[in-house]
Structures are given as C-alpha cells and as structure tokens.
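Open the structure in your viewer and keep the selection tool ready. The stops below go from the whole chain to single elements.

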Amino acid sequence: MRPVFYVAAVLLLHFSLTATLCDGIRTIGGGDGSGSGSGFEFSEAPEYRNGVECPVSANKEVVSSCDPDLVHVAMTLDSEYLRGSIAAVHSVLRHASCPENVLFHFIAAEFDPASPRVLSKLVRSTFPSLNFKIYIFREDTVINLISSSIRQALENPLNYARNYLGDILDLCVDRVIYLDSDLVVVDDIHKLWNTTLTNSRVIGAPEYCHANFTKYFTDAFWSDPVISRVFHSRKPCYFNTGVMVMDLVRWREGNYRKRIENWMEIQRKRRIYELGSLPPFLLVFAGNVEAIDHRWNQHGLGGDNVRGSCRSLHTGPVSLLHWSGKGKPWVRLDGRNPCPLDHLWKPYDLYKGSSIKDQSSFPSSIFLGFSSYLL
C-alpha cells in the first residue's frame, strides 16, 4: 500500500434520444467572467493555458464540438454535488497538458433547485475561459425505469444520465470520457483520452477481477437459469462506472441505451440487484470492457454505501482519486471529521461559503420554471 505522503507528493508535482431527452443550453469558449448573482461563493480558478505543443483550432474564436483536436469530458451538474463537480473540473484543468482543448459537457437535471442557466453562469464565473456546454436532462426519460436502491441517493435520475450520452451529445462527438462528480484527476487527462478500445469494445474502464462479482446481484438473479445465462459466454469482472472512456459511435450503432433499459425493466419486475445505475452496466458490458490501468480509478474512498467509513488507497500509482460510496470529502471536511485521504481533495476545492440549499440567500428570479430557460 502506498503511504498517503506518497500521493501528496504526486499532487504537489502535478497541481435529445433527441430533444425529448435534453436541450443544449449554451456553448461557451470564453466569456466576460461575470458571476451569476446567485449567492454561490466560489473563487475564480487560475487561468490554465495551452503550451506551444498543443494543437491549434482553425477557428480560435469559436469552439465547436466537432473539432477533432478536442478532448470531450461529460459530467453531471447539480446542486447537491456542485462543489465536487467544480473541484473535479479544476483538477482536470490543472493537470491537462492542453487544458484549452478540453470541452466539458455538463448534464443538468430538469428540476434542480438551481436552474441549468444559473449553473451555467456559475461555471463561467469560476472558469472564465472554460469550453463547455450544458444540457437539460429530462428526468421523465428515466424516472419510470428506476427502482429502489440500497441508498436513496443512488435513485437520483441524474445518476442515469450516462446511459443517454449517445443521444444527448452532438452526433459528431464520437468519443467521450465520463467522470463522476466526486473525484479529482491528478494526471494528464489526455493520457486517459488516448486509450485504445480494441476488438470493437464500446467502453474502457479499470477492471477489478478479484472482487466478488456475485454480490452485485440478488439470489433471484443467480437462481434464474435464463437471465443469469447472460454471463455464460464471458468472464465478467466488476468495474466502476464513474470513470469510463466511451466510443459513442459503437454505442449508438449497438443501441446500448436500449439494452440497459431492458435490464432496468426486468429489475422492476424481478428485483435482480440492489445498487442503482451500476448493475445494468455490468449486465451489458462486464467481461467485454477494455481494461484501463487501475491508477485511473482509485475508487471507494467514500467508504461503503451504508456507513461511509474511511478507506485506504489501492496498491499502485495514482492518476485519479474517486470518493465513490456514501462519504464525500467536502461533507467530512466541513464537519471537521475528515478521513486522511480527504485532505488530498482539498487543494482543488474552490468553495468559499454559502449553501446552495439555503434558498433565502438567492433572489427569487433564480428559481425559474422549466420553460423559462429553454432555447
């Protein structure tokens, strides 16, 4: 096991479907840096600029999703995990060799307490030169497919937005890195972007074949000879869906959104798993995943899904720290009860104060109806 001080040293060295699914809010490649006036308190991030070796777009003034030199990163953006999302973006930019060539695709919930337009202004005020788009995820797309989970937070419809990236993002976006909001990247994102997906594989992710794969499904699943047969022709390994490289061309061609939805339908009738949005991905992809080095998802740092106890790092080098599980570093740090590894998240935190859930600190105009911010 690598000691914590080793990881600290690493950090010091490196610092809608169609429109029925969502609507794009805004494509931005620079801005005036004006804040949202919302009462959010985040410090403005430093400017991270490309080096001379970075590819230069033919049109420097307008950033297009179709630019072949861009690295596409998709994340969800909501009030509950906003602080984590801002820290994650900050970490990506700080370590990227060509930060201006990273385009973020943020998926925001339709009925979040802060509207997607407010979130867009907040991101702009925190990262004035960031290239990003924000999309509204229509929760009714998936709400009727979601079953109860071991932890209520796992039932949030936005957790399922990754299932729809092939439909949400522009068709010219043929590859994307999906990242959860409770992580920080401590290496160059371009290294992860350059992952080769061999043998027509659709996704790449770190695999954990030593994990007890059977525990991710109920006895009802394993006792059914028909549905459990899905794994008979492959050797499934656990992988965490919080960090994935996705080939969206193959995703769309194979209609993988529908394959995942089919398993969610079975779950509602048969109760074949307990953990939210993860098991359908395992059912569709486990045993056919491009294995990425474990350094790109040192996951589980939030502890288990019930107690949220402190965890240690896995053996090996670190490129990405992921607080999957119940405990989140910003919550534990604010509560003055942090786990040792939570201090490795802190350098990327730009939060200054004020709670997004304290609606009294916001002007009433912020809480707009859905129709008021559709383009």
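Helices (H or I, at least four residues) and strands (E, at least two) are DSSP runs, numbered from the N terminus. This is a predicted model: local features need pLDDT of at least 70, side-chain atom pairs count only at pLDDT 80 or more, and totals for chains, interfaces and linings use all residues. Residues are numbered from 1 along each chain as its sequence is written, and side-chain values use heavy atoms, leaving out hydrogens and water.

**Whole protein.** Color by secondary structure: 10 helices and 14 strands appear. Switch to a surface. About 16,000 Å² is exposed, with 50% of it from carbon and sulfur atoms (Shrake-Rupley method, 1.4 Å probe; for residues, only the protein chains shown count as cover). Of the 375 residues, 57% are buried. Buried means under 20% relative accessible area, exposed over 50%, partly exposed in between (1.4 Å probe, protein chains only).

**Strand 4.** Select residues 102-109. Eight of the eight residues are buried, so strand 4 is largely enclosed by the rest of the structure. Show side chains. Val102, Phe104, Phe106 and Ala108 point one way; Leu103, His105, Ile107 and Ala109 point the other. In a regular strand, side chains alternate between the two faces of the sheet.

**Its partners.** Add strand 3, residues 71-77. Strand 3 runs parallel to strand 4, joined by seven bridges (strands pair if DSSP finds at least two bridges between them). Look for Val73 with its bridge partner Phe104. Now add helix 2, residues 82-95: strand 3, helix 2 and strand 4 form a right-handed β-α-β unit. Right-handed means that, with the strands pointing away from the viewer, the path from the first strand over the helix to the second runs clockwise.

Next, strand 5, residues 131-137. Strand 5 also pairs with strand 4 in the parallel sense, over seven bridges. His105 stands opposite Lys133. The chain crosses from strand 4 through helix 3 to strand 5, another right-handed β-α-β crossover.

**Helix 3.** Select residues 116-126. Nine of the 11 residues are buried, so helix 3 is largely enclosed by the rest of the structure. Leu119, Leu122 and Arg124 are among them.

**Helix 8.** Select residues 256-270. Which residues of helix 8 are buried? Tyr256, Arg257, Ile260, Glu261, Trp263, Met264 and Gln267. They cover an arc of only 160° around the axis, which puts them on the same side of helix 8 (the arc is that of the directions from the helix axis to the C-beta atoms). Their cover includes helix 4 (165-168), helix 6 (219-222), helix 7 (248-253) and helix 9 (278-285), counting contact as heavy atoms within 4.5 Å.

Last stop: Arg271, just after helix 8, with a positive phi of about 55°.
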